Amino acid sequence: MSTSADDQGRAPPAHPRTAREADVSSERGAVPDSANPDVVLVGGGIMSATLAALIGVVAPQWSVTVFESGADVAGESSGPWNNAGTGHAALCELNYTPAGPDGRVDPAKAVTINEQFQVSRQFWSHLVREGMTGSPKSFVTPVPHLSFVTGEDGRAYMRARHEALGAQPLFEGLEYTEDAAQLAEWLPLMMAGRDPRQTVAATRSTAGTDVNFGALTRLMLSDAEGRGVPVHCNQRVQHLERDTDGRWIVTVRDTVTGERRTVRTRFVFVGAGGGALPLLQRAGIPEIAGFGGFPVSGRFLRTTSPELVSSHQAKVYGQAAVGAPPMSLPHLDLRLIDGDHSLMFGPYAGFSPKFLKAGSLFDLPRSVRPDNLGSMLGVARTELALTRYLIRELMQSGSDRHQTLTHFVPD
Ligand SMILES: Cc1cc2nc3c(=O)[nH]c(=O)nc-3n(C[C@H](O)[C@H](O)[C@H](O)COP(=O)(O)OP(=O)(O)OC[C@H]3O[C@@H](n4cnc5c(N)ncnc54)[C@H](O)[C@@H]3O)c2cc1C
């Protein structure tokens, strides 16, 4: 949520403010470094870090404060092992290019996603040029992106997709093959031991990337700190309330000492990931009515075996099972984290009522309200295929999971 106390477009007061102007009320006295900032960023993940960097570029006179409930930043979804690190540019994710009833593929969605990724890259380039993030090698690495399918239907779809995307300037150089020998060169790990009679097809783009969102978060927040942005860890934002003058009163609790304080601000950005829903519900803003959580998590297998890693130097996305949500596309990813190379395979859906890794088992039950009960039950009713898929996933045994992996790595 981002909201302004001043809808008239008036310029904010210049930073830094004087101690006199600050109107912090704190149970433990004045907190000069985060007193009365123009902007409060809730959460220390990639979203808050990006906004801190953007504000540093376009409104450097604004004072900004970050509150993170964990002991460190980038500990939740943005942590490198809590996501697959795909720089989503629609080069390999088949959910952006579904086939129409006539089998044709509309490239529009993929083009939009790719354009958005190019904007991110331009922004990161700017940060690098301005010395705000150090070397790009510490957070983004070129890694080929491939899509891989099996069977006649898969091959027909892949041809149609390649035809549609290949004509787009942003996808120039996208290669296509259904030749097993070529695929064995591109994907030695995935082709070894595969039935030679199996129909296979793939596209490859060498423009793909692996992004370490955790490292990028740290770099951007560390740069922000250097510009005087306090990043407070172990500080949980408990409540947001709009004051009569339009400002937000932000109640923060120190998770170590239990002390509470309040900060007043003109803008609040809730970059709290899984913590956003409960916080926005407590804030009572009307826009949150109807939103609910789903008790699904994503789990991955991981290996650092040099033998396996050396024979899979790519990110490869397959097709989702029928009824599976787009985020469940199976993928086998090369990851480059802090100089170490490893492979991740997943996601497997898991059940978790926690909204954050460091969350509570009561997150889901506490989030159920009269205003979202209907939409939550509605998902179960209208998305029957999704519900069935999730139940199937949750019932999977270890050997079922292994079976899923063997579609990618037969040997
Ligand atoms: C399994 C999985 C795989 C993914 N793979 C990819 C991928 O390959 N490519 C890609 O681009 N994206 C991927 N994503 C998505 C991406 O990881 C997330 O969209 C992104 O990291 C979200 O960033 P965020 O800053 O919104 O949230 P987070 O990184 O979760 O940060 C939120 C922060 O807010 C803090 N917080 C929560 N509540 C409070 C509170 N009340 N007060 C103070 N702090 C609070 C949390 O502790 C946390 O540090 C994946 C996600 C998942 C789950």
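A residue counts as buried when its relative accessible area is under 20%. In this predicted model, T209 has a relative accessibility of 6%, and it is therefore classed as buried.

T209 belongs to strand β9, which spans residues 209–211. Leaving aside neighbours within four places in sequence, T209 is in contact with G85, T86, G87, F117, V140, T141, P142, V143, H145 and K315. One of these contacts, T86, is also among the residues that come nearest to the ligand.

The ligand is surrounded by 28 residues, of which M47, E68, S78, T86 and V237 come nearest. By class, this shell holds 10 nonpolar, 15 polar and 3 charged residues. Helix α1 (46–58) and strand β11 (235–242) each supply at least two residues of the shell, and β11 gives the most, with 3 residues.

Polar contacts to the ligand include the following.

| Residue | Protein atom | Ligand atom | Distance |
|---|---|---|---|
| M47 | backbone N or O | oxygen | 3.0 Å |
| E68 | polar side-chain atom | oxygen | 2.6 Å |
| T86 | polar backbone atom | nitrogen | 2.8 Å |

Taken alone, the ligand exposes 1000 Å², and the protein buries 79% of that area.

Where does the ligand lie with respect to domain 1 and domain 2? Domain 1 comprises 2–78 + 213–288, and domain 2 comprises 86–131 + 139–209 + 296–351 + 368–408. Both domains give residues to the shell around the ligand, so the ligand lies between them.

Key: Residues numbered from 1 in each chain as written. Predicted model: local features only at pLDDT ≥ 70, side-chain atom pairs only at ≥ 80, totals over all residues. Heavy atoms only, no water. Helix = DSSP H or I, 4+ residues; strand = E, 2+ residues; numbered from the N terminus. Buried < 20%, exposed > 50% of the residue type's maximum accessible area, 1.4 Å probe, protein only. Contact = heavy atoms within 4.5 Å. Near = heavy atom within 4 Å. Polar contact = N/O pair within 3.5 Å; in protein donor to acceptor, adjacent residues only side chain to side chain. Areas by Shrake-Rupley, 256 points an atom, 1.4 Å probe, with all protein chains shown as cover. Nonpolar A, V, L, I, M, F, W, Y, C, P; charged D, E, K, R; others polar. Domains from an automatic or database assignment.
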